[in-house]
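Trainee: Could we take a close look at one part of this model together? I would like to follow it step by step.

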Amino acid sequence: MRRPSLLHLALVGVSVATIVGSLRRAVWDELGPGPGFFPLVVGVLLLGLSLRVLVRDSRPQPATEPDVDEDGIRLEEEVVRLGRKSWLVVAALVVGILTMDLIGFRIAVAAIVLFILAVVERMRPPVAVGIAAAISAGSFYLFTDLLGVQLPTGLLGV
Amino acid sequence: MDSFGYLLDGLGTALEPRNLVFALIGCLVGTAVGVLPGIGPTAATAMLIPLTLALDPIAAIIMLSAIYYGAQYGGTITSVLINTPGEIASAVTCIDGYQMAKQGRASTALAVSAVGSFIGGTIASCGLVLLALPLTSLALKFGPPEFCALMLCGLTLVVGLGGTSLTKAMIAACLGLLIGLVGIDPVAGEPRFTFGLPELLDGLDFVPVLMGLFGVSEILLNLSDRNRSGSPLTSSRRTEWGEVRRSMPAIGRGTGVGFLLGLIPGVGAAVPTYLSYGLEKKVSKRPRRFGRGAVEGVAGPETANNAYASASMIPLFTLGIPGSATLAVLMGAFLMNGLSPGPLLFKEHPDFAWAVIASFYIGNLILIVLNLPLVPMWVQILKVPYRVLYPLILVMAIVGSIALRGEVFDAAVMLFFGLVGVACRKLSIPLAPMSLTLILGPMIEKSLRQSLSLSQGSFGIFFTRPIALGLIIVSVVVLSLFAFNVVRGESRVESEV
């Protein structure tokens with residue numbers, strides 16, 4: 001028997017939270033379903049399905065023949081894991097998005113791109129700075145001046 | 001003068017050099033804007049109305065309609081090349097279009113989209129001329145019960161979109177429904193699952209969610225794949241015209257789906273694309289190719305998209321009912337130019353009405369003449385080193401998310417759903433059913449509760465209205481057949497464990 005992964009447990013947790021949240025609202029009134037009806041149905045269904053998957057994926061998997069499609073081409077299982085690079089990019093995006101209202105779109109985006117190019121991709125600094133500045137200024141100009149979209153300028157008004 | 005005579009007159013007006021130029025500008029601008037993530041046809045059309053204020057009414061509407069069509073095609077380009085839907089109706093193209101790009105078949109994918117869009121849009125425009133009035137009277141019979149039944153029919157596609165595991169497809173569907181429940185309840189007006197955040201009162205916008213699920217998750221996984229030495233994308237080979245020819249049956253079916261659904265106001269541009277995808281997978285002799293670069297998975301939905309865009313003009317022109325947000329904007333443009341769409345439009349301003357209808361043919365022709373030769377240009381994007389391309393994609397996705405409502409919060413939503421997308425891939429939960437129910441869920445709930453309000457809480461309303469009953473029977477039959485086949489298959493596997 002394999003231990004259930006955190007993701008399986010998270011799925012079960014989301015369904016339980018949905019059921020609890022839905023029961024705080026009217027499930028049915030004189031005109032039919034209330035605000036809690038749909039979330040309750042979805043939550044109960046999701047709970048049943050996620051428990052089924054959790055139990056099934058926890059069982060030892062038998063060795064099976066490789067899966068092939070109608071043309072006999074082998075269908076590869078995708079290996080899914082996030083590595084160091086991905087987590088660094090996520091961190092850059094989190095910091096950039098959280099500070100964007102303060103420092104403005106241009107500085108935040110330039111910082112995100114510079115970090116990705118210089119630190120994650122280990123590009124030469126002058127090249128990274130040039131590309132980051134171009135992407136930041138170009139996207140800002142395109143959306144604000146050409147398309148009239150409002151982007152945050154931050155406390156500095158940049 | 002009969003309709004054909006008016007149409008010929010209208011063609012003469014639409015083919016005037018001045019109007020041709022405006023149609024060309026509209027197609028170019030629409031395509032360019034459609035490429036930008038987050039700026040869909042609605043926003044593009046609305047933002048560019050000021051450009052048309054100085055023009056006469058015919059030229060203004062011709063240009064805005066061309067922007068509408070152009071934006072539909074522009075959204076396809078990013079779906080195919082970088083797995084980031086430029087607008088919601090292009091989301092389903094990500095599933096097979098991006099896989100085709102990874103296999104070096106991006107040119108073929110874009111060419112199929114261009115050809116399918118042209119054929120679907122042109123045939124639907126013919127339908128506009130020939131069948132507008134009789135079909136519109138049928139569409140008027142669609143009330144909340146029929147809508148609900150139609151959306152439930154769309155939900156049965158979940159079982160076809162989900163690959164081999166029905167359980168995981170249904171989990172994906174439930175998660176999509178859950179995402180759609182966030183916000184204010186459509187009938188009672190109570191906030192649900194907003195966690196006290198005012199930004200969530202309007203619900204979660206589709207575009208940042210889809211960009212996160214498809215685009216951002218793909219980037220994060222590509223960066224982690226040690227088996228890839230460089231870009232996940234392969235330089236594209238030349239367009240394989242044999243594949244384009246072989247996708248003609250899919251294009252034909254997509255035209256039918258898009259046209260019929262375009263007649264019904266309120267369906268939205270995304271639903272025909274998903275229905276078309278599900279249909280192609282159902283009728284295919286090799287359904288397991290879908291999700292791995294099946295050209296029919298691009299041809300059908302893209303055709304349906306453009307056929308829908310043309311057909312949805314029918315309720316607008318004949319009844320004055322805009323079938324979608326973009327058409328509401330177009331209707332605003334009509335009104336700004338002193339014209340009221342509806343039955344009297346053809347009587348009081350036949351020159352205007354038929355010139356605009358004729359311009360739809362011209363606009364479709366301009367789009368294919370422009371976009372087919374531009375395919376080699378678009379695929380040059382694949383030659384950009386991936387380590388420069390993906391930061392650019394992320395920036396475009398951030399801007400596209402913020403541009404919708406002016407909220408940085410939506411960029412955070414996009415990132416969050418990027419991680420959700422990775423988690424789904426880890427658990428082998430397919431994204432296609434989730435993106436379908438994300439769109440259908442709110443529509444189903446609203447139409448179900450409206451129906452039950454009409455019937456004072458009785459479900460009998462679905463059985464006493466023939467169209468609704470027919471659609472429900474179709475849904476039940478399709479779902480039962482599929483469930484029987486899958487459960488029989490899963491039981492055979494489990495008995496061997």
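Which parts of chain B each supply at least two residues of the lining of the largest cavity?

Mentor: They are α6 (106-139) and α17 (350-378) of chain B; helices here are DSSP runs (H or I, at least four residues), numbered from the N terminus. This is a predicted model, where local features need pLDDT of at least 70 and side-chain atom pairs pLDDT 80 or more, while totals for chains, interfaces and linings use all residues. Residues count from 1 along each chain, chains are lettered from A and ligands numbered from 1 as written, and side-chain values use heavy atoms, without hydrogens or water.

Now to the space itself. A cavity is a set of points on a 1 Å grid over the protein atoms where a 1.4 Å probe fits but cannot get out, and lining residues have an atom within 4 Å of a point. The model has three cavities of 30 Å³ or more, and the largest has a volume of about 50 Å³, the space filled by probe spheres set on the joined points. Around this largest cavity you will find B:Y73, B:A114, B:S117, B:F118, B:N364, B:L367, B:I368 and B:N371. With four residues, α17(B) gives the most to that lining.

For another spot in chain B, try B:S447, which is found in helix α20 (residues 431-454). B:S447 counts as buried, at 4% relative accessibility (buried means under 20% relative accessible area, 1.4 Å probe, protein chains only). B:S447 touches B:P144, B:F147 and B:C148, leaving out residues up to four places away in sequence; contact means heavy atoms within 4.5 Å. The B:S447 side chain also reaches the backbone oxygen of B:M443 at 2.8 Å.

How values were computed
Buried < 20%, exposed > 50% of the residue type's maximum accessible area, 1.4 Å probe, protein only. Polar contact = N/O pair within 3.5 Å; in protein donor to acceptor, adjacent residues only side chain to side chain. 1 Å grid on protein atoms, 1.4 Å probe; cavity = no way out; pocket = protein on both sides within 12 Å on 5 of 7 lines; lining within 4 Å.
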